[in-house]
Amino acid sequence: MIRFVFLKLARALLTILLVMTFAFVVLRLSGDPAQIMLGPDAPQDAIDAFRARWGFDDPLWRQYLAYLGQILRGDFGVSMRDGSAAIDLVMERVPATLALTVPALVLKLAIGIPAGVYAALHRESIADRGVIMASIFGFTIPSFVLGLVLVLIFSITFDLLPSGGQDTWRHAILPILTMSIGGIGILARFSRSAMIEVLGQPYIRTAMAKGLPWRDVVWRHALPNAAVPIVTLVGFMLGSLIAGAVVVESIFSWPGVGRLIVVSVANRDLAVVQCLLLVIAATMVIANLLVDFTYGLLDPRLRSARPAH
Amino acid sequence: MAFVSIRDLRVAFSGVPVLHGIDLDIARGEAVGLVGESGCGKSVTWLAALGLLPGKARVTGSVTLDGEELIGASRRAVEKVRGARIAMIFQDPSSSLNPVHRIGRQIGESLALHRGLRGAAARAEAIRLLDMVGIPSAAKRIDLYPHEFSGGQCQRIMIAMALAGQPDLLIADEPTTALDATIQAQILDLLARLRHETGMAMVFISHDLGAVSSICDRATVMYAGRIVERAEIGALFRAPMHPYTRGLFDAIPDLDAERARLAPIEGTVPDPKALPAGCAFSPRCVRANGFCRMEEPDLKPQPNGGEVACFYPIPAPQREEAFA
């Protein structure tokens, strides 16, 4: 068990390091920040001064080592635009994004999983077909289309909800709906097939042959087994809590992390982009770790097993 | 006197009939073998009786337990029979146990359900049952998970779970098919011993006539969803009357005889969607003639006390020769 935890942690750290390195190199090879930041008409001496100021004249490996050193000291660099600390810029946006993504995740779980399980238990009924159709609709329609359609219906036609901004809780309703509908569809579909798979297993027949009431067969024997694949998907959704709202935040002018990503990448604000990617990678990796440990809790066979590679 | 009575039991999957009217009686304490190749309806008979078939199966006919009808009974009524009056164990013991629950908990569920035992009392009883079915150091291993046991041990655990409800009848559905030969013999011994200790009746479903003969008092041979022969075990072994039964015997290696090729039954069990006209065995039968391919034989009583569904059963002298 200790070995299992240690290996998982080591892999998580390695993943974060790889993401950092990749982001660092790609950002520097794909365009000159000095040109973009100062504009195409900037005089050469201003550009030279900018490059010297941010250390772009050093060889790449030296810049990289300096960057790693900074990170280890807890210094995530400063924005090239206004000189404020990159980590502060990112962190002040996180609550706004979580205000959308957390309620959306709760909706996905609260509607998607029960709908899928219900459909599986009433297979080939009208309810089952309804769930399948609704879920296909949910996950095939892209969020930028769905967002605009919702605005058209609820803001423009019926004037019930605001179409953008962050002033009141009513402003959050449409973005949250836009984000959750696709996830509800995917989760319903996935829970349904996981449950159908488990209901066909011999141990379900054993539980029934034992004389257990159907309710107990479902709750005690089927659901704990179906939870394993579902947790994988939920883990992925948990990992996108920070970065999963880029499109929706842009549609609804919501000042969250997603908007910051778009603006900083466009401006080549290196420290901010790197810091964002680090935070996003860390969220993903932590979500993955949680999934791995949850597997162990749910399925004893995965507890003693060596990690699969 | 039969306490389980099956009359004209028919099952169809999505409109395709797979069981064509089965009549079967089980008396208290007796052991009956149900023999036939894969896909002839042996398991389906009992899964149907206990309401364990998937929803697309249509079941008609009658199954009574001490006069109480099970087919069409309420879900709750059938649940009260399962495990408590009639228990069932299955072919693949490793996947028949729930992988995420400790075995003690899985046995405890039956004890709570059928005998109201909980907590320490249930635990003690579960350990006693595990001991009884031959799981070594049961007290220590009760908290392990199914994947920590071998296939043979999993089948022992399944048997312990079945015994937990103190059933009157145990249906053993190919309990040894997935196990090694040596383990098979151990499980057969265990089932025979438990039957004598508890006095419960047993239905032993198998395609292995040898295994059936070591446990059962009488045997019923099924083919393509019908019963084709039934007799006392001794009579059946001495003189099988149906060509299909005879074919099953011919396919068993004889350890005492000189080396000879086994005689397999040519062909395969017909697809339920495309059953041949007349006797379903006629296309594979060496004794069949044109009449067999038009008319369907009924199960008829025979002088040896058994019953056979064949227009041209193997006559007695020839049968004696076959085993001389």
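This passage describes the predicted model, beginning with the overall make-up of chain A and ending with its contacts to chain B.

Chain A turns out to be built from helices, with 14 of them and 0 strands. Read from the N terminus, its elements therefore give a simple string, α-α-α-α-α-α-α-α-α-α-α-α-α-α, with helices and strands taken as DSSP runs. The C-alpha trace of chain A extends over about 85 × 60 × 30 Å along its principal axes. Of the 309 residues in this chain, 33% count as buried. Contacts that reach far along the sequence are well represented: among those in chain A between residues at least 6 apart, 74% join residues at least 24 apart.

Helix α10 of chain A, residues 214-239, invites a closer look. How does the distance between its end C-alpha atoms compare with the span its 26 residues should have? At 1.5 Å a residue the helix should span 38 Å, and the end C-alpha atoms lie 35 Å apart, which agrees. The axis of α10(A) is not straight throughout, for the helix bends by about 45 degrees at A:Ala222. A proline, A:Pro224, follows within four residues of that bend.

Turning to the interface, 20 residues of chain A are in contact with 26 residues of chain B. On the side of chain A that touches chain B, α9 (202-209), α10 and α14 (300-304) each supply at least two residues. The largest share, 7 residues, comes from α9(A). Sorted by class, this side of chain A comprises 11 nonpolar, 5 polar and 4 charged residues.

How values were computed: Residues numbered from 1 in each chain as written. Chains lettered and ligands numbered in written order. Predicted model: local features only at pLDDT ≥ 70, side-chain atom pairs only at ≥ 80, totals over all residues. Expected span 1.5 Å × (residues − 1). Bend = angle between axes of the 7 residues up to and from the residue. Contact = placed C-beta atoms within 7 Å. Nonpolar A, V, L, I, M, F, W, Y, C, P; charged D, E, K, R; others polar. Buried ≥ 20, exposed ≤ 12 C-beta atoms within 10 Å, placed from the backbone.
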